[in-house]
Every structure is written in structure tokens, then in C-alpha cells.
Amino acid sequence: MESGKIIILTAPSGSGKTTLARFLLQTFDQLLFSVSATTRPARAGETNGKDYYFMDKDQFLTNVSNHAFFEYQEVYTDLYYGTLKSEMSRIWSLSKIPLLDIDVKGAYNIESYNNYETLSIFVKASSIEVLKNRLVSRGTDSIESIEKRLQKANSELDYARHFDYVITNDKLELAQQLLKQIVSDFI
């Protein structure tokens, strides 16, 4: 697999990383979104191959066995997410930089490889309460799911120190400007 630069945005669910990823994609022509694979069902309005590569668990695990993933994680019991090697190669073959919007542990694993020129950015909300309010206002998850996400967020915050930058996303415009400068310097 050929290689190049990688930019990773990672965060606990509800921190705003997807909003920031969209901002970066609109700001920098050099970036292409790396579509992740997942075993979770598609939400309303999501498209296979654009938002995610939706797979059932057996398909996902077959890809794991075939070493098709650049990174992957079982984020929740029987709920997998991963970055396909073919997706990374596709982006690099276009002379672009993959922008990964991925799980904290998956991002940590890539950071641990040290084989790539990687910029890793951890995005966080100012508090768990702010995170909870964002998750509730999205209206896409059950109360049980939100509680699981908040428990996971508490443990994910411990990983922040392993990344190149940590951005608190309370004021979107400020977070965007910080991110723009960081990414501009990296590119």
C-alpha cells in the first residue's frame, strides 16, 4: 500500500468532530474524506459509500481476517468501525490527504504505528454535561445509547494526551480557526 500524509480528527461522540471535518473539507482542496466501514445500520439520509461503507458483522470480520483494514475497533459490543486500506490507497493515488473522522481508540492505534506522517487532533466539549446536551439535541439515539456514549466519553478523554493537538469545541468559529491554522501548517 502506498502512503502519504494522514489527518485524523477524533473525539467522544457529540464533540463536533464531523462538523469540523466538513469545515476542513470545504477549506482545503488537498483533503479527501476517508469513508469508514461500520456494522451499524444506516441512519435516515445516509448513503452507502458516501457516509459509510455499511457491512454486516460477517462481512466486516471477513475483511478483518483478510487484513483489509488500516485500523478497526469494536466500538461497542458487536458494533464495529474501521478504515479500509483500499480507501486510504484510493485517496493517496489521487495525490490527496485522507481526512479520517474516527473513533478515539482507532486513532490512537494509528498514532502508535509511527509509520506515517500523521496529524492527529482530539476534539472535546468543555464538559460531559455539554456533551450530553448535544447528544440529546441530535435526536438520533435512545437514552440508553446516550448513556453508553457518555460512559465511553469519560474513558476516551484519558486518550487526549496521546494526540498532537487537543481542541475544545465550545465556540465553533474559534475551533474552526484553530483547526485551519494547524492543518495549514501541516499541509
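**Start of α2.** I began at the start of helix α2, where, in this predicted model, a side-chain oxygen of D56 comes to within 3.1 Å of the backbone nitrogen of D58. I then asked which residues of α2, spanning residues 57-65, are buried, and I found F60, N63 and V64 in that state. I noted that these residues lie on the same side of α2, because they cover an arc of only 105° around the axis. An α-helix has 3.6 residues a turn, so residues three or four places apart point the same way. On the other side of the helix I recorded D58 and S65 as exposed. When I looked for what covers the buried residues of α2, I found that the cover includes β3 (36-38), β5 (69-76) and β6 (79-84).

**Positive phi values.** Just after α2 I came to H67, which has a positive phi of about 55° and sits in the loop between α2 and β5. Is H67 buried or exposed? I list H67 as exposed, because its relative accessibility is 59% and the cut-off for that class is over 50%. I also looked up D78, which is not a glycine either and has a positive phi of about 60°; D78 belongs to the loop between β5 and β6. With a relative accessible area of 41%, D78 is partly exposed. I kept both entries because most residues other than glycine have a negative phi.

**D103.** I next turned to D103, which I located in the loop between β7 and α4 (104-113). I count D103 as buried, because its relative accessibility is 16% and the limit is under 20%. Setting aside neighbours within four places in sequence, I listed T10, Q73, V75, K152 and E156 as the residues in contact with D103.

**Aromatic rings.** How many aromatic pairs does the count come to? I obtained 11 aromatic pairs. One of them, F122 with F163, is stacked, with 5.9 Å centre to centre and 20° between the planes. I noted that this pair links distant parts of the chain, since F122 is in strand β8 (residues 117-124) while F163 is in the loop between α6 (143-156) and β9 (165-168), 41 residues apart. Both F122 and F163 are buried. I also found one aromatic cluster formed by F60, F69, Y72 and Y80; F60 is the residue already entered above as buried in α2. For a charge over a ring I recorded K5, which lies over the face of F186 at 5.0 Å from the ring centre.

**Nonpolar cores.** I then went through the largest nonpolar core, which has 20 residues, and asked which of its members touch the most other members. The residues I wrote down are I7, L9, L24, I121 and V183. At least two residues of this core come from each of β1 (5-10), α1 (17-27), β7 (97-102), β8 and α7 (172-186), and I noted that α7 gives the largest share, 5 residues. Following I121 further, and leaving aside its neighbours within four places in sequence, I found it in contact with I8, L9, T10, Y165, I167, L179, I182 and V183. Apart from this core I recorded another, of 13 residues, which includes F70, V104, F122 and A160; F122 is thus in my notes twice, here and in the stacked pair with F163.

Note on methods
Residues numbered from 1 in each chain as written. Predicted model: local features only at pLDDT ≥ 70, side-chain atom pairs only at ≥ 80, totals over all residues. Heavy atoms only, no water. Phe/Tyr/Trp six-rings, centres within 6.5 Å; stacked < 30°, edge-to-face > 60°. Helix = DSSP H or I, 4+ residues; strand = E, 2+ residues; numbered from the N terminus. Buried < 20%, exposed > 50% of the residue type's maximum accessible area, 1.4 Å probe, protein only. Lys NZ or Arg CZ within 6 Å of the ring centre and 35° of its normal. Core = buried A, V, L, I, M, F, W, Y, C linked by side-chain atoms within 4.5 Å. Contact = heavy atoms within 4.5 Å. Arc of directions from axis to C-beta. Polar contact = N/O pair within 3.5 Å; in protein donor to acceptor, adjacent residues only side chain to side chain.
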